[in-house]
Number of protein chains: 2
Amino acid sequence: MMRISTKGRYALRIMLDLAQNDDLGPVALREISERQNITPKYMESIMSMLLRDKLVQSLRGKAGGYQLTRKPEEYPIYEILSCAEGGLAPVHCLAMEENECPIRRTCLTIPVWEGLHQVIKDYLSGITLKALIEQGANCV
Amino acid sequence: MMRISTKGRYALRIMLDLAQNDDLGPVALREISERQNITPKYMESIMSMLLRDKLVQSLRGKAGGYQLTRKPEEYPIYEILSCAEGGLAPVHCLAMEENECPIRRTCLTIPVWEGLHQVIKDYLSGITLKALIEQGANCV
DNA sequence: TGCATGTTAATATAATATATAGACACGCCT
DNA sequence: AGGCGTGTCTATATATTATATTAACATGCA
């Protein structure tokens, strides 16, 4: 049904939470999960994806936790969502081998999906964590 | 994972097939299903959605089948995909009651989903069945 | 050494998408 | 009137994916 999944929505909220709270050092998973009302164990699996793509860094041991690796204005949210969703191409075809789909060469719909992907990418690449936080500050 | 589902992809191919083949009268489901390699029974459920939204009309009896209700240039593909997908809003939140989500009022991510929906809508509304067919004719 | 943190792999549960089956309704044609 | 070829409807089965949980482990500071 072409919906951003829970993973993507959570990931964005987690990154926003970090942007607003990691000034004083690493933030524990537990803390974020309570603030954002996300079960800790599920959040773990999201964190591991963000880590793999180096969107966050982690510190173990007491006083450990997670921190952003860049400044909030350097995170286009396309990167965050694409990471958590496993890509944002609207159809599988786009990632397939040329010969995997028998009608690929004559399929009239391929250009639609390519164009749609581009439009989505452009839009989400134009928004940063910082922009979202500032906009939120203005509207309350 | 934010993917157009099989229903949406099939629906678009079915509508393109009709646009290219219904000049001489109704086209039988069986015929389309063979050309498009879609199982007839599954295709039925897609046709019923297209019918409900009056994107096609049907005729029973011998020589019956389906036909477009408008000219191909009068079908923005947003309508077709939205029909088959059950809407194209990228998150459930947008369709929810104001109070259904406890953080709705302060959620920083809502504007992202609203904007994303709009961008998708604008793009797909600008493409018609006719445009796709003509573009296909040019590139082979 | 002990505790509070993060890490990994495996599994369970729930939701949704995809596909199928069977009984029925309609309308042309002979 | 009857039969065949079409579409229609409701229910169900199967497969896939998303969501969440469990348990065992690794690390680092005090």
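A crossing of two helices is left-handed if the near helix is turned anticlockwise from the far one by less than a right angle, and right-handed if clockwise. Keep that in mind. Helix α1 of chain A passes α4 of chain A in a right-handed crossing.

First, the ground rules. This is a predicted model, in which local features need pLDDT of at least 70, side-chain atom pairs count only at pLDDT 80 or more, and totals for chains, interfaces and linings use all residues. Residues are numbered from 1 along each chain as its sequence is written, chains are lettered from A and ligands numbered from 1 in the order in which they are written, and side-chain values use heavy atoms, with hydrogens and water left out.

Chain A, then. Its secondary structure comes to six helices and two strands. Helices here are DSSP runs of H or I with at least four residues, strands are runs of E with at least two, and both are numbered from the N terminus. Along the sequence the pattern reads α-α-α-β-β-α-α-α. The C-alpha trace of chain A spans about 60 × 35 × 25 Å along its principal axes.

Now helix packing. Two packed helices are described by the angle between their axes and the distance between the axes. Axes are lines fitted to C-alpha atoms, for helices over the stretch in contact, and angles run from 0 to 180 degrees between N-to-C directions.

Back to α1(A), residues 6-21, and α4(A), residues 77-85. Their axes come within 8 Å and cross at roughly 135 degrees. So the two helices are oblique to each other. On the angle scale, under 35 degrees is roughly parallel, over 145 roughly antiparallel, 65 to 115 roughly perpendicular, and the rest oblique. Who touches whom? From α1(A) come K7(A), G8(A), A11(A), L12(A) and M15(A); from α4(A) come I77(A), I80(A), L81(A), A84(A) and E85(A). Contact means heavy atoms within 4.5 Å. The residues of this contact divide into seven nonpolar, one polar and two charged. For those classes, Ala, Val, Leu, Ile, Met, Phe, Trp, Tyr, Cys and Pro count as nonpolar, Asp, Glu, Lys and Arg as charged, and the others, Gly among them, as polar.

α1(A) also packs on α2(A), residues 29-36. The angle is about 115 degrees, with the axes 10 Å apart. These two are therefore roughly perpendicular to each other. The crossing of α1(A) past α2(A) is right-handed. α1(A) brings R13(A), I14(A), D17(A), L18(A) and N21(A), while α2(A) brings I32(A), R35(A) and Q36(A). By class, that contact has three nonpolar, two polar and three charged residues.

Over to chain B. The axes of α2(B), residues 29-36, and α3(B) come within 10 Å and cross at roughly 115 degrees. That crossing is right-handed. L29(B), R30(B), I32(B) and S33(B) in α2(B) meet P40(B), M43(B), E44(B) and M47(B) in α3(B). The class count is five nonpolar, one polar and two charged residues.

Next, the DNA. A residue is near a strand if one of its heavy atoms lies within 4 Å of it.

Take strand D. It is surrounded by 21 residues, and the closest are T6(A), K41(A), L29(B), E44(B) and S58(B). Of the strand D atoms within 4 Å of the protein, 58% belong to sugar or phosphate and the rest to bases. The residues of the nearby surface divide into eight nonpolar, eight polar and five charged.

What about polar contacts? A polar contact is a pair of N or O atoms within 3.5 Å; within protein, one must be able to donate a hydrogen and the other to accept it, and residues adjacent in sequence count only if both atoms are side-chain atoms. An N or O atom in the K41(A) side chain is 2.8 Å from a base nitrogen of strand D. For the E44(B) side chain, a base nitrogen of strand D is 2.5 Å from an N or O atom. M1(B) uses a backbone N or O atom, 3.2 Å from a phosphate oxygen of strand D.

Last, strand C. Here 22 residues surround the strand; the closest are L29(A), E44(A), S58(A), T6(B) and K41(B). Of its atoms within 4 Å of the protein, 61% belong to sugar or phosphate and the rest to bases. The S58(A) side chain has an N or O atom 2.9 Å from a phosphate oxygen of strand C. For the T39(B) side chain, the distance to a phosphate oxygen of strand C is 3.4 Å, again from an N or O atom. R60(B) places a polar side-chain atom 3.1 Å from a base nitrogen of strand C. Which element gives the most to this surface? α1(B) does, with three residues.
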